[in-house]
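Work through the exercises below with the structure open. Try each task before reading its solution.

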Amino acid sequence: MEAIGFNAHSGFLEGIIRGYKAGLLTTQHYNSMTQCETLEDLKLQLSGTDYGNFLADEAPPIATSAFAERATDKLVDEFNYLRSNATGSLAKFLDYMTYGYMIDNVILLVTGTLHERDTHELLERCHPLGTFDTMPALCVATNVEELYNSVLVETPLAPYFRGCLSAQDLDELNIEIIRNTLYKAYLEDFNDFCQSLGSPTSDVMSLILSFEADRRTLNITVNSIGTGLSKEQRAKLFPKLGRLYPEGNNILARADDIDQVKSVVENIPEYRDFFSGPNHDLSEDDNGNSAAEGLEEHFFRHEVYLNKLAFMQQFQYGVFASYVRLKEQEVRNLTWIAECIAQNARDRLGDIVHIF
Amino acid sequence: MASKDRVFIATIGDEDTITGVLLAGTGHINDKGKKNFLIVDSKTTSSTIESAFEEYTSREDIAILLINQHIAEQIRPLVDGHTAAFPAVLEIPSKTHAFDPSKDSVLKRVRKIFGD
Amino acid sequence: MSGARENVFPTRQNLQLVKGRLKGAQTGHSLLKKKVDALKKRFRTITSKIDEAKRKMGRIMQLAAFSLAEVNYSAGDISYQVQEAVSQATFRVGTKQENVSGVVLPSFEVKRDKSDGNGDFNLTGLGRGGQQVQKCREIYAKAVETLVELASLQTAFVILDEVIAMTSRRVNALEHILIPKLENTVSYINSELDEMDREEFYRLKKVQGKKQRDAEEEEEKRKKQDAHESEQSEDMLQTKDPDIVF
């Protein structure tokens, strides 16, 4: 991709996104937020930030879920604005970003259909970033066969479904396996797309996507140890990219305990301290796998770190992906703070990941 | 009273409570497709709760019925009216509503007996 | 109360019978009284435990809710998945019996089926947040165990309450109705029997007196007759017979 023409088609949006980025909450904001005694205080604190009076319509008492919902709404508004102004390959890039959420939504509908629920009720549970115009059409399906066909016809996810699943699989496999199979296909496809865009987008995105893939691989390994998931099935869920691919993945596919996972991770300097360091868990002594419990936190920190790096480069699309990720982390942080305040667990307030 | 057939824990609660107890493994769907839990949100009517409460208290396979206290408040006369030993009706707090001992139907009986 | 008594004939046999029943009622009364005391003692410990456990429950449930918040943080909203993945309960309860002074108190015990690795939610959060999900499961399982304990206490409370009420009712019935009634019957029969004795005695006296009187009268009569007879024989010579006219 030529930097010379970038500003002509996407310069405006990059400007916007960097503006949005400046609106992310900083450590200073978080510090003052942790001083809040009640959710009302928190709402007041937030009105001094980019969020403004986003909770103005919420009738007291404010539920903690309201923070998450309204904050997500804001992210969605921003994203939709970007999407509607984007053209050409950026538009496609942004579409790709939504596929991940779309997978979750379709999985939700599949779950509903499998259990013969009224899937229309599920529409409001879907992640707003993953909605698509034809989604209500999927609700018409009354059995899995129909749903499978509608997914193929109506959604951009068709290649992933066609590539790795049959209608029968939807019926038989564990829903989590389906989800992870799709996600794996999606990650690989997204990566291919980014590579096709050329440098610098491909450079930035490959960092982010590699980590995303490694993170999934590690998570799946750690979470499937000791469950009914067979090792062949496990290996099939690993995305074929990332820094652990291919040797690391092979070892992980056969790993039986955390120590084997650790030895694999030792080979990647950046990942080395994932399995060590602090964990703030309540049950750290009576669970043997306490080393793995801090893992998620390390992942979040590393993700934020990588996504921050994306902003160091200009003339590339990575910033868009990164912004959405960072914003999501911010929403999680907000929800966490709200939960801590609501449930009187102030000592856990520090567990959030500060972004800037 | 064939108490040995009573093996399940039924729950009437908000979504978070239900998710939690289901994670613990109490959820059960019997042959007739009947669940042993009811999720109550702002749209659930009192009559739905009442009929679920009556169903769970009359079912022969339920040993314990957990109910969020703020939901029990909505059908208080029914809860207070349940004095049988089986199933045991237990009022539990929810995430958003802390436990208030003065509203609990059993603790009310305790207080009545000791006269304070 | 003094009027109430059994409707029996005041006979000695019945007296023996009623006395036997009275004795039984008094023994039963003292036994039941002891039972109530024992149950009440148990009842008090249970109620204080319930009170304590209910307060403890608040804290445990809060911890559990918080662990769910952790899940939401790392794995997103999993509630729907969890609801739909439900099939068979792995967390069940059994009942065992405990005997307190002849009252069978059921108590629940947790029966968790941890044997297989194929629980409904084992793969939940596979891609992300799986650790938190598993941790949350454990915390909630512990919380529900506490709830089950509490439910046992509560059931014991309800049953004991009933039994105590029933036993007290019996004690009171014995103390205030049956025993006085039997006592009244005994005294009634006694008084009735005494009365009958006195009547009998009086009657005997009367009969005796009458017999005496009769005997005396008889005597007198005989005496009189004797005298008369002798008088008549003497007079025969003295009295003038009417002239016989042929």
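**Exercise 1. The contact between chain A and chain C**

Task: Find how much area chain A and chain C bury between them, and which salt bridge joins the two chains.

Solution.
- Start with the area. Chain A and chain C bury about 3,200 Å² between them, and 54% of it lies on carbon and sulfur atoms. Keep in mind that this is a predicted model.
- Count the residues. Chain A gives 45 residues to the contact and chain C gives 30.
- Look for charge pairs. The count between the two chains is one salt bridge. Arg348(A) pairs with Glu70(C), with the closest N and O atoms 2.5 Å apart.
- Add the polar contacts. Five residue pairs are in polar contact between chain A and chain C, counting pairs with both residues at pLDDT 80 or more.
- Locate the side of chain A that touches chain C. Elements that give two or more residues include helix H5 (88–114), helix H10 (175–197) and helix H17 (318–342) of chain A.
- Sort that side by class. It has 16 nonpolar, 16 polar and 13 charged residues.

**Exercise 2. A second partner for Glu70(C)**

Task: Which residue of chain C forms a salt bridge with Glu70(C), and are the two residues buried or exposed?

Solution.
- Find the partner. Lys135(C) forms a salt bridge with Glu70(C), the closest N and O atoms being 3.0 Å apart.
- Place both residues. Lys135(C) is in helix H3 (residues 130–238) of chain C and Glu70(C) is in helix H1 (residues 12–75) of chain C, so the bridge ties together parts 65 residues apart in sequence.
- Check burial. Both Lys135(C) and Glu70(C) are buried.

**Exercise 3. Two more salt bridges**

Task: Decide whether each residue of the pairs Asp95(A)–Arg83(A) and Glu55(B)–Arg59(B) is buried, partly exposed or exposed.

Solution.
- Take the chain A pair. The closest N and O atoms of Asp95(A) and Arg83(A) are 2.7 Å apart. Asp95(A) belongs to helix H5 and Arg83(A) to helix H4 (residues 64–85) of chain A, twelve residues apart.
- Asp95(A) has a relative accessible area of 24%, so it is partly exposed. Arg83(A), at 28%, is partly exposed.
- Take the chain B pair. Glu55(B) and Arg59(B) have their closest N and O atoms 3.6 Å apart.
- Glu55(B) is partly exposed at 24%. Arg59(B) has 12%; buried means under 20%, so Arg59(B) is buried.

**Exercise 4. Helix H1 of chain B**

Task: Explain why helix H1 (residues 15–24) of chain B is described as largely enclosed.

Solution.
- Count. Eight of its ten residues are buried, so the rest of the structure largely encloses this helix.
- Name some. Among them are Ile18(B), Val21(B), Leu22(B) and Leu23(B).
- Look just past the helix. Gly25(B) takes a positive phi of about 105 degrees.

Key:
Residues numbered from 1 in each chain as written. Chains lettered and ligands numbered in written order. Predicted model: local features only at pLDDT ≥ 70, side-chain atom pairs only at ≥ 80, totals over all residues. Heavy atoms only, no water. Buried < 20%, exposed > 50% of the residue type's maximum accessible area, 1.4 Å probe, protein only. Helix = DSSP H or I, 4+ residues; strand = E, 2+ residues; numbered from the N terminus. Contact = heavy atoms within 4.5 Å. Buried area = accessible area lost by both parts, 1.4 Å probe. Salt bridge = Lys/Arg side-chain N within 4 Å of Asp/Glu carboxyl O. Polar contact = N/O pair within 3.5 Å; in protein donor to acceptor, adjacent residues only side chain to side chain. Nonpolar A, V, L, I, M, F, W, Y, C, P; charged D, E, K, R; others polar.
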